[in-house]
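Here are my notes on this one, in the order I went through it. I start at the ligand and work outwards.

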Amino acid sequence: MLDKINHLVEEVKELAASSAEEAEQLRIKYLSKKGQVSQLFDEFKTIPNEQKREVGKYLNILKTQALDKINELKASFENDTHGEVGTDLTLPGSVAELGSRHPLSIVRNEIVEIFARLGFNVADGPEIEDDHHVFEALNFPPEHPARDMQDTFFIATNPDVLLRTHTSSVQVRVMEKQKPPVRAIFPGRVFRNEAISARAHCIFHQVEGLYIDENVSFADLKQTLLYFAKEMFGADTKIRLRPSYFPFTEPSAEMDISCTLCGGKGCNVCKYTGWVEILGCGMVDPAVLESSDIDSKAYTGFAFGMGIERITMLKYQIKDIRLFFENDKRFLDQFKSAQI
Ligand code: PHE
């Protein structure tokens with residue numbers, strides 16, 4: 001049997017064909033069910049066991065060589081158009097179209113990079129949350145209007161399972177796991193049961209920031225936000241902090257930046273005030289630290305939260321928030337040149 005195999009190995013080496021059909025005939029002659037190589041495999045079943053190892057080895061070599069040779073012959077005819085209509089090599093190639101990042105991703109990445117330069121790292125938490133992390137641990141009294149059905153999407157009929165209405169829930173998640181110092185930002189999607197309009201959507205994105213350590217002061221908060229505003233909107237940007245109220249910060253403030261469009265002179269973007277609001281912030285309320293077992297006598301902290309849509313709309317002068325969620329290619333294509 002080894003002789004037969006050797007003989008066929010030599011024969012296969014010399015195979016030649018002058019057309020694809022001839023190559024196919026060779027495949028049938030050697031490799032089809034009744035082909036010569038296949039017949040040897042049938043014969044192989046009948047040889048004594050002690051010869052099987054050696055013969056099997058050569059038989060497999062023969063099979064591979066026959067397959068390779070015949071495939072090679074076939075391939076050599078595949079691109080041959082016999083002088084008929086061929087490929088016009090002078091035609092321009094087809095260019096694979098480049099995609100672009102979504103404007104919200106571009107701005108989110110930019111925000112993350114700016115805060116990374118100040119030593120903030122990134123953390124995240126679940127979008128489906130419970131009352132404790134979204135409200136209770138953040139000092140929302142039980143009757144607070146933000147818990148109202150009108151704002152919060154509850155999952156099924158269980159009032160304890162809900163879609164987070166702000167990324168402040170991640171503050172609680174982080175404080176549970178990590179003891180101070182904490183210096184992190186949390187980008188993420190949030191949900192509010194609001195009527196959809198050019199200015200509001202029921203799904204949007206926020207970036208939350210949290211800094212807890214010994215001796216963190218309001219001055220640290222202000223300087224951090226000023227640095228952010230200048231990096232994001234340009235070195236001439238001014239900020240102003242107005243007193244405000246959030247249950248989880250004390251004191252609380254809202255931050256305006258000088259209008260990016262008119263530089264403060266007054267236009268319809270800033271409603272002729274020269275200022276536009278971009279975020280809420282404040283010193284972490286001691287009650288919030290305590291509810292996460294952080295000693296509020298030893299540590300203080302600040303927190304802030306901003307809407308990515310709002311910042312993106314200001315930066316790119318986008319007039320309608322709904323554009324972010326429609327995925328109209330004509331809209332998205334305009335962000336191809338963004339680097340980040
Ligand atoms: N969570 C607040 C909101 O969604 C923003 C905020 C975050 C305010 C952190 C203060 C501190 O409006």
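1. Keep in mind that this is a predicted model. I began with the ligand, which has 14 residues around it. The ones that come nearest are His166, Ser168, Arg192, Gln206 and Glu208.

2. Three of those names deserve a look at their side chains. For histidine 166, a side-chain N or O atom sits 3.1 Å from a nitrogen atom of the ligand. Serine 168 also has a side-chain N or O atom facing a ligand nitrogen, here at 2.9 Å. With arginine 192 the ligand partner is an oxygen atom, and a polar atom of the arginine side chain lies 3.0 Å from that oxygen.

3. How much of the ligand does the protein bury? On its own the ligand would expose 320 Å², and 89% of that is buried by the protein.

4. Which elements build the shell around the ligand? Those that supply two or more residues are helix H7 (168-177) and the strands S5 (203-213), S8 (275-284) and S9 (300-307). S9 makes the largest contribution, with 3 residues. By residue type, the shell splits into 7 polar, 5 nonpolar and 2 charged.

5. Now the whole chain. DSSP gives 12 helices and 9 strands. The overall dimensions caught my eye: the radius of gyration is 35 Å, whereas a compact globule of 340 residues would be near 20 Å. Along the principal axes, the C-alpha trace spans about 95 × 55 × 40 Å. I'd keep both values in view when you turn the model around.

6. On packing, 41% of the 340 residues count as buried. Take the contacts with a separation of 6 or more: 67% of them join residues 24 or more positions apart. The accessible surface of the chain is about 19,300 Å², and carbon and sulfur atoms account for 51% of it.

7. One last residue to click on is tyrosine 245, in strand S6 (residues 239-246). Is this tyrosine 245 buried or exposed? Tyrosine 245 counts as exposed because its relative accessible area is 54%, and the cut-off for that label is over 50%. Its C-alpha is 9.1 Å from that of cysteine 281, with the two positions 36 residues apart in sequence numbering. Cysteine 281 falls within the range of S8 (275-284), one of the elements listed for the ligand shell.

How values were computed: Residues numbered from 1 in each chain as written. Predicted model: local features only at pLDDT ≥ 70, side-chain atom pairs only at ≥ 80, totals over all residues. Heavy atoms only, no water. Near = heavy atom within 4 Å. Polar contact = N/O pair within 3.5 Å; in protein donor to acceptor, adjacent residues only side chain to side chain. Areas by Shrake-Rupley, 256 points an atom, 1.4 Å probe, with all protein chains shown as cover. Helix = DSSP H or I, 4+ residues; strand = E, 2+ residues; numbered from the N terminus. Nonpolar A, V, L, I, M, F, W, Y, C, P; charged D, E, K, R; others polar. Rg over C-alpha atoms; globule rule 2.2 N^0.38 Å. Buried < 20%, exposed > 50% of the residue type's maximum accessible area, 1.4 Å probe, protein only. Contact = heavy atoms within 4.5 Å.
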